[in-house]
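Subject: Structure for your review

Dear colleague,

Please find below the structure that I am handing over to you. My findings follow it.

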Amino acid sequence: MAQNTVEKTPITLLGLGAMGTALARTWLAAGHPLTVWNRTPARATALAAEGAGAADTAAEAVAANTLVIVCLLDDTSVDEVLAGTDLADRDLVNLTTSTPAQARVRAEWARERGARYLDGGIMAVPPMIGVPEAGGYVFYSGSPELFERHQQTLGVPVGTTYVGEDAGFAALHDVALLSAMYGMFAGSAHAFALIRKEDIDPAALATLLADWLVAMAPAVHQTADQLRSGDYTKGVVSNLAMQVAGTPTFLSTAEQQGVSPEVLSPYFELMRRRLADGSGKEDLTGVIDLLMH
């Protein structure tokens, strides 16, 4: 039987927090030669016992391989760790959480130092890494050639989704999705608060709540369609006027249950403002325009 002689891409990984360590272990398990560095050497030592090469300095780690992946605390940490390293002819993939503006500046910063650049936004938590069925993935933006070159390697720990040549787009998609997530969490917190003092099992509500949120999720496609067409009345089922008329019930219920309406009130106020503009036959999509500066 012929042996598989395909060589696995060697990787340098800077940063061994919970996410970095999870990434490292999946690459090691897949047979990729891995050089690691971390400010706390003990974390690198632990991975060395599993087959990684532990570099004494970030500069030494960067020098070891062409593909350099950075997974640090923040953009300032990237500056500090890469200061004094030689990035010439390196493929730099930055998985550190940043803003779109920071990613664009970092891409230019890398180019000036002779490196090719990809920015990444991780849509996963550490337990999802190396578990394909968990559904996690990483947004990538920047050099399309660089993404194509390393897509297979980058896809070992978690899925990959390329979102454009603009280096800021991965961070923008990351924050957009997480912003929607926190809005969902806010609404869920309000829902649980409403029943908190009643003889209602939170677990029973959780089952109903999860199913309801799943049922409502496809509404985002209608919002996108209305934004693309510019017709906010397209396909409307419950128009803005009707929904605004129902908001006093939500606020009164909160008051009766001794619950602050502070997570709902700002959105309801936007709905009322849009209605005041004469947009009663629209869907809720017009609220998006009110959020734009």
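**Sheet and cores**

Strand β4 (residues 67-70) and strand β5 (residues 91-94) run parallel and are joined by 4 bridges. Within this pair, L67 of β4 stands opposite D91 in β5. Please note that the model is a predicted one.

The two strands belong to an open sheet of 8 strands with mixed pairing, arranged in the order β3-β2-β1-β4-β5-β6-β7-β8. The edges are taken by β3 (53-54) and β8 (159-162); each has a single partner strand, so one side of each has no neighbour in the sheet. Helix α6 (residues 144-154) packs on this sheet, where it touches β1 (11-14), β4, β5, β6 (116-123), β7 (137-142) and β8. The direction of α6 makes about 50 degrees with that of β6.

As to the interior, the largest nonpolar core comprises 29 residues. Those with the most contacts inside this core are L13, L34, V36, I69, V93, L95 and Y140. At least two core residues are supplied by each of β1, α1 (18-29), β2 (34-37), α2 (41-48), β4, β6, β7 and α6. Helix α1 gives the largest share, 6 residues.

For L34, the contacts beyond neighbours within four places in sequence are I11, L13, A24, L28, A52 and G53. Another core, of 20 residues, lies apart from the largest one; V62, V78, V81 and A110 are among its members. In soluble globular proteins, nonpolar side chains tend to be buried together.

Yours sincerely

Terms used:
Residues are numbered from 1 along each chain as its sequence is written. This is a predicted model: local features need pLDDT of at least 70, side-chain atom pairs count only at pLDDT 80 or more; totals for chains, interfaces and linings use all residues. Side-chain values use heavy atoms; hydrogens and water are left out. Two strands pair if DSSP finds at least two bridges between them. Contact means heavy atoms within 4.5 Å. Axes are lines fitted to C-alpha atoms, for helices over the stretch in contact, and angles run from 0 to 180 degrees between N-to-C directions. A nonpolar core is a set of buried Ala, Val, Leu, Ile, Met, Phe, Trp, Tyr and Cys residues joined through side-chain atoms within 4.5 Å. Buried means under 20% relative accessible area, exposed over 50%, partly exposed in between (1.4 Å probe, protein chains only).
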